[in-house]
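This briefing sets out selected features of the structure shown below, grouped by topic for use at the bench.

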Amino acid sequence: MEKEAARIVATLMAASARTAPKTKGEDSIKTLILDGDDVEGLAAGMERKAEKMPPHTAEMLRTNADSVRVSSCVLLIGVTGEPKRLERPLDCGACGYDNCESLARAAKRTKDFTGPVCIFQALDLGIALASAVKIASELNIDNRMMYSIGVAAKEMKLLDADVIIGIPLSVTGKNPYSARR
Ligand code: SF4
């Protein structure tokens, strides 16, 4: 029942990410739920990614992989970074370019994530994440936003997105995402 509860809430969180407000009314948010054997596959992917990271980041990935392993399921939320509505550009400069057209033409680089990204896509990701974890919080399902899940999911090509954040979910008597080593 507890695993089923986590799974149901993950679907509600994905729905909340979908209906969350989007800047300029354009939606580039992607979601995916991992459960069953895919959760262990993700944890293993995080440990593989840790091998390529500097020590302080590697430690964070390994600790979070342990947390993922004891989770019922994981929700991925990602976004692509293209400028919005090029026909009526904002040209705000927050991406470091003079205008949206320059970002659209810029060569993409992939490190942990792919960039550069339009600030409005990044804002949408933050709003979608907040909307999703609000649902989990209201329904008392333990959760935590994790960059470390996102970088592993990105390397494993689990979601067609430039930036990804993962949210593991758990239903146990003790929150596995707090008071960790
Ligand atoms: S961040 Fe860059 S691409 Fe996005 S609106 Fe501003 S100038 Fe355009």
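A20 is found in the loop that runs between helix 1 and strand 1 (29-35). The model described here is a predicted one. With a relative accessible area of 6%, A20 is buried, because buried means under 20%. Apart from its neighbours within four places in sequence, A20 is in contact with I127, A128 and S131. The points below continue from helix 1 to the surroundings of the ligand and to the backbone geometry of the loops.

**Helix 1, helix 5 and the adjoining loop**

- A20 and T172 are separated by 152 residues in sequence, and their C-alpha atoms are 28 Å apart in space.
- S16 belongs to helix 1 (residues 2-19).
- The relative accessible area of S16 is 11%, so this residue counts as buried.
- A polar atom in the side chain of S16 lies 3.0 Å from the backbone oxygen of S131.
- When neighbours within four places in sequence are set aside, the contacts of S16 are S131, A132 and I135.
- S131 is thus named among the contacts of S16 and among those of A20.
- I135 is located in helix 5, which spans residues 119-138.
- I135 is buried, with a relative accessible area of 17%.
- Beyond its neighbours within four places in sequence, I135 is in contact with V9, L12, M13 and S16.
- The C-alpha atoms of I135 and A17 are 9.9 Å apart, although 118 residues separate the two along the chain.

**Helix 2**

- A43 lies in helix 2, which covers residues 37-50.
- A43 has a relative accessibility of 0% and therefore counts as buried.
- Not counting residues up to four places away in sequence, A43 touches A65, V68 and R69.
- A43 and T63 are 20 residues apart along the chain, with a distance of 10.0 Å between their C-alpha atoms.

**Surroundings of the ligand**

- Which residues surround the ligand? They are P83, D91, C92, G93, C95, C100, L103, C118, I119 and F120.
- The ligand takes up the space of the largest cavity.
- Helix 4 (100-105) and helix 5 (119-138) each contribute at least two residues to the shell around the ligand.
- By type, the residues of this shell comprise 8 nonpolar, 1 polar and 1 charged.
- The charged residue is D91, because Asp counts as charged.
- The polar residue is G93, because Gly is counted among the polar residues.

**The loop between strand 2 and helix 4**

- T80 has its place in the loop between strand 2 (73-79) and helix 4.
- T80 is buried, its relative accessible area being 15%.
- The side chains of T80 and E82 are joined by a polar contact of 2.8 Å.
- Leaving aside neighbours within four places in sequence, T80 is in contact with S28, K30, Q121, D160, A161 and D162.
- R85 is also found in the loop between strand 2 and helix 4.
- R85 is partly exposed, since its relative accessibility is 32% and this class lies between 20% and 50%.
- D91, a member of the shell around the ligand, is likewise found in the loop between strand 2 and helix 4.
- The relative accessibility of D91 is 35%, so D91 counts as partly exposed.

**Backbone geometry**

- Most residues other than glycine have a negative phi, and most peptide bonds are trans.
- R85 is not a glycine, yet its phi is positive, near 45°.
- D91, which is not a glycine either, has a positive phi of about 55°.
- Is the peptide bond from G115 to P116 cis or trans? This bond is cis, with omega near 0°.
- P116 is found in the loop between strand 4 (114-115) and helix 5.

Methods. Residues numbered from 1 in each chain as written. Predicted model: local features only at pLDDT ≥ 70, side-chain atom pairs only at ≥ 80, totals over all residues. Heavy atoms only, no water. Near = heavy atom within 4 Å. 1 Å grid on protein atoms, 1.4 Å probe; cavity = no way out; pocket = protein on both sides within 12 Å on 5 of 7 lines; lining within 4 Å. Sits in = over half its atoms within 2 Å of the grid points. Helix = DSSP H or I, 4+ residues; strand = E, 2+ residues; numbered from the N terminus. Buried < 20%, exposed > 50% of the residue type's maximum accessible area, 1.4 Å probe, protein only. Polar contact = N/O pair within 3.5 Å; in protein donor to acceptor, adjacent residues only side chain to side chain. Contact = heavy atoms within 4.5 Å.
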